[in-house]
Amino acid sequence: MKLFHQLLVAPAALGLLAPVAANATELNINGVSDYAATGEQVTSITQFSDVYPTDWAYQALSNLIERYGCVAGYPNGTYRGNRAMTRFEAAALLNACLDRVTEVTDELKRLMKEFEKELAILKGRVDGLEARVGELEATQFSTTTKLKGQATFVIGANSFGGDARQGLADVAGIVNSNGIVGEKRADAAAALSGATTFNYDLRLFLDTSFTGKDLLRTMLRGGNFGDSAYGGGGYVGLDALETAFEEGSPNNVVVNRLWYQFPIGSNFTATIGGRVRQDDMLAVWPSAYPSDTVLDFFTYAGAPQTYNLQLGAGGGLSWESNDFSISANYVSGNGGNSTPGVADTNAFLRDADDCGGIATDCASSSGTVQIAYAPENWGLAAAYNYASGNNGAGIYSGNGTPTANLFSSLGTTNSFGLSAWWTPEEAGWIPSISAGWGYNSVDISNADFGGGFGSIDGATSQSWYVGLQWADAFMKGNTLGMAVGQPTFVTSWDNDSFINDGSDFVADGNYAWEWWYQFQVTDNISVTPALYYLSRPLGYATNNLEGDSDGTFNNFGGLVKTTFKF
């Protein structure tokens, strides 16, 4: 018996003997001895015929017998656990246990003597550790804040193919502003975005908790993807990587996030911040794909317009109970600007940075409601989003075709997203499966292109994806993934502009694929080579040169991404 066991038994002994001592005439020592003599000492609880595993004290009784050997039964092989204990029986049981304590105490003293030198060394080490802990506590950064970081290196390049040629829309800046009319797109794209690049991204997370249940997150970020094709500003916007999304000015460390989250009661969570993102306020992210990101489009659960990850001033509330959740949030991308205003109806004169406010006509508003059911390894989610794309909210070049992005930026969009995911309980050859679909309706309200080009009343667009991921692929800790889908593409529009012949069908589709394998080198370092292919990344704008209706244009790329977490 360990020392602390002795300390536990001693008060019990005094408690049992106290009432006995109060009336010594009631205690017959010979009777105690007689009782102890008639009791049958047992070595296993199975020797008692009236004790069953379903009894509430079964385990406790078993421990007393097998560990300490100080429980006796009656001569007939019973324990009579429901019978009241007399003082004689209590004294006999206590006497047997105290004998065992005395034996263990003598053994403990012998062991302490034998290992006296080793115990002295251990004590010295403990004292040293206590001193070091005291020093760390005195010099620590903060008693409430933890610092985590992630640094990412990306080396990669793009190649382009096809025979499509540039048209008037390219020179006008609707598609891009590179090259001349009639030039092959593959050549113009290679001239703008064909070089091999080495980019980096750094994220520092300062997580602070004042109560143990709340969270104040400050995220600092810097990198140099701004001039890279992977930043979304190249000839093909769909080359954008999630690693580069919302990075900010090249080689400058900026405050990317600043928000506070706290519980309200047992089921509600509130989030508010001056730099908070839509997904920071969702109770569930509706996808198991990917564990390591490549193309940005595949990180939106198939519905980039619905889950547009708007960043700005905002707040949200979520409720969770029995795997069900409901989330509602609002973000104003221009919430830090005090000048309210109305965005210009001319698509080429609009400037979302010259006005703002919260819930104004120029707020760059994004409002989201999500309902989800997410047990341990699968889930379903449906979401609705309203975005004022005419002043900055909604999709961008990294998750839609140029035509879809243009229409999204001309008016307000109501969008819907459906997502589902499933993960196997054990790693193996069966992958996790994630799928999602998005539908968007843009109200453009006669947005004027200017120059006599005409106006557009409205448009619809869609998107979808399927992602597969194999955990512990080929080697424990490594992950294999692939995804296929269609980034946001226009399906129809109402207009009398020069860019459509009046038909309902719009040939704006494009397929995207990605394949990657993550090597988990250590717990904190991973290396991920990846390949991706875009079959028609410019969609409808691929053939905007008159007489060139059958031209093709595609994009193939590869990269190696190294991630350090600390």
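This passage walks through a predicted model of the protein, from its overall make-up to a few local sites.

The predicted model carries a mean pLDDT of 84, and 83% of the residues reach 70 or more. The stretch to read with care is residues 1–38, where pLDDT stays under 50. For these residues the model has 34 contacts beyond four places in sequence.

The protein contains 8 helices and 18 strands. Of its 566 residues, 44% are buried. Among contacts between residues at least 6 apart in sequence, 67% bring together residues at least 24 apart. The surface that the protein exposes comes to about 28,400 Å², with carbon and sulfur atoms supplying 59% of that area.

Several strand pairings can be followed residue by residue. Strand β3 (residues 145–161) pairs with strand β4 (residues 197–208) in the antiparallel sense, over 12 bridges. Within this pairing, Gln150 has Arg203 of β4 as its bridge partner. Strand β4 also pairs with strand β5 (residues 215–223), again in the antiparallel sense and over 8 bridges. Here Arg203 stands opposite Arg221 in β5. Arg203 can therefore be followed in both directions, since Gln150 is its partner on one pairing and Arg221 stands opposite on the other, with two strands counting as paired once at least two bridges are found between them. The β4 and β5 strands form a hairpin with 6 residues between them. In the turn of this hairpin, Gly212 has a positive phi of about 95°.

A further set of pairings involves strands β6, β7 and β8. Strand β6 (residues 254–264) and strand β7 (residues 268–277) are joined in the antiparallel sense by 7 bridges. Trp259 stands opposite Gly273 in β7. The two strands make a hairpin with 3 residues between them, and Gly265 in its turn shows a positive phi of about 70°. On to the next strand, β7 runs antiparallel to β8 (residues 311–321), the two being joined by 8 bridges. Gly273 appears here as well, with Gly314 as its bridge partner in β8.

The loop between β5 and β6 holds Glu246. With a relative accessible area of 23%, Glu246 is partly exposed, because it lies above the 20% under which a residue would count as buried. Leaving aside residues up to four places away in sequence, Glu246 touches Arg221, Asn256, Arg277, Leu309 and Leu311. One of these, Arg221, is the β5 residue that stands opposite Arg203. Glu246 and Phe225 are 21 residues apart in sequence, and their C-alpha atoms are 9.9 Å apart in space.

Another loop, between β11 (378–388) and α8 (402–408), contains Asn399. At a relative accessible area of 2%, Asn399 is buried. Not counting residues up to four places away in sequence, the contacts of Asn399 are Leu238, Asp296, Phe297, Tyr300, Pro304, Pro487 and Thr488.

Among the helices, α3 (residues 58–68) has Leu61, Ser62, Ile65 and Tyr68 as its buried residues. An α-helix has 3.6 residues a turn, so residues three or four places apart point the same way. Following α3 comes Gly69, with a positive phi near 55°.

The structure holds 1 disulfide. It joins Cys355 to Cys362, with an S to S distance of 1.7 Å. The link of Cys355 and Cys362 is right-handed, with 50° about the S-S bond. Both ends are hidden from the surface: Cys355 is buried at a relative accessible area of 6%, and Cys362 is buried at 1%.

Aromatic side chains round off the picture. The whole structure contains 25 aromatic pairs. One aromatic cluster is formed by Trp429, Phe474, Tyr517 and Phe519.

Note on methods: Residues are numbered from 1 along each chain as its sequence is written. This is a predicted model: local features need pLDDT of at least 70, side-chain atom pairs count only at pLDDT 80 or more; totals for chains, interfaces and linings use all residues. Side-chain values use heavy atoms; hydrogens and water are left out. Helices (H or I, at least four residues) and strands (E, at least two) are DSSP runs, numbered from the N terminus. Buried means under 20% relative accessible area, exposed over 50%, partly exposed in between (1.4 Å probe, protein chains only). Contact means heavy atoms within 4.5 Å. Accessible areas come from the Shrake-Rupley method with a 1.4 Å probe; for residues, only the protein chains shown count as cover. Rings of Phe, Tyr and Trp (its six-membered ring) pair if their centres lie within 6.5 Å; planes under 30 degrees apart count as stacked, over 60 as edge-to-face and the rest as tilted. pLDDT is the predictor's confidence in each residue, from 0 to 100. A disulfide is a pair of cysteine sulfur atoms within 2.5 Å.
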